[in-house]
Protein chains: 2
Amino acid sequence: MIKARVTVTLKNGVLDPQGKAIEGALGALGFDGVHQVRQGKVFDLELDGADKGKVEAELKAMCEKLLANTVIENFSISID
Amino acid sequence: MIKARVTVTLKNGVLDPQGKAIEGALGALGFDGVHQVRQGKVFDLELDGADKGKVEAELKAMCEKLLANTVIENFSISID
């Protein structure tokens, strides 16, 4: 069993209204000095297998097919 | 300027229907051997300041007040 974490973030230049809203809310709560907030997603997966290289290739395919929209999002994979 | 990443994940034992749906969808796409998927959130922030300790304390307060629901979610902070 292999545990992996996939992090999906918006590409630079892609508008992030959710991040902007959080930035505004932090300011309203009195947290000054926050310049930019961008929100992304994280997926924690448990997968069968022992070969980390094979599992990484499979995770890459999962990201391209389902977990990330590669037109506007980047993804990174880290395997424990 | 300090860059930080806050990762918010559901606590163990908290139901994650979104993660279950992703797990089902991965199975339907032919990815076998995926045992568990849990989805969380990630926030990339840019903050004023040079004192990492102070910024970390501020980020902790942001998590407790806005970014995470500490009843059902854990958060972790990493500062570049």
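By what turn, and with what shift along the axis, can chain B be laid on chain A? In this predicted model, where local features need pLDDT of at least 70, side-chain atom pairs count only at pLDDT 80 or more, and totals for chains, interfaces and linings use all residues, side-chain values use heavy atoms, with hydrogens and water left out. Residues are numbered from 1 along each chain as its sequence is written, while chains are lettered from A and ligands numbered from 1 in the order in which they are written.

A turn of 180° and a shift of 0.0 Å along the axis lay chain B on chain A with an RMSD of 0.0 Å. The two copies are thus related as by a two-fold rotation axis. Superposition is by least squares on the C-alpha atoms of residues with pLDDT of at least 70 in both copies. Within chain B, the residue that comes closest to the rotation axis is B:Lys41, its C-alpha at 2.3 Å. Of the interface residues of chain B, 100% are also interface residues in chain A, so the copies meet through the same surface.

Next come the pockets. A pocket is an open set of points on a 1 Å grid over the protein atoms alone, where a 1.4 Å probe fits, with protein on both sides within 12 Å along at least five of seven lines; its lining residues have an atom within 4 Å of a point. The volume is the space filled by probe spheres set on the points.

The largest pocket holds about 390 Å³ of space. Its lining has 18 residues, and those nearest the centre are A:Arg38, B:Lys3, B:Arg5, B:Asp44 and B:Glu46. Strand 1 (2-10) and strand 2 (34-47) of each of chains A and B give two or more residues to this lining; strand 2 of chain A gives the most, with four. Strands here are DSSP runs (E, at least two residues), numbered from the N terminus. By class, the lining has three nonpolar, eight polar and seven charged residues.

The second largest pocket, of about 310 Å³, is lined by 14 residues, with A:Lys3, A:Arg5, A:Asp44, A:Glu46 and B:Arg38 nearest its centre.

Away from the pockets, helix 2 (residues 52-67) of chain B contains B:Cys63. Is B:Cys63 buried or exposed? B:Cys63 has a relative accessible area of 0% and is buried, a term that means under 20%. Beyond its neighbours within four places in sequence, B:Cys63 is in contact (heavy atoms within 4.5 Å) with B:Val6, B:Ala68, B:Phe75 and B:Ile77.

Notes
Nonpolar A, V, L, I, M, F, W, Y, C, P; charged D, E, K, R; others polar. Buried < 20%, exposed > 50% of the residue type's maximum accessible area, 1.4 Å probe, protein only.
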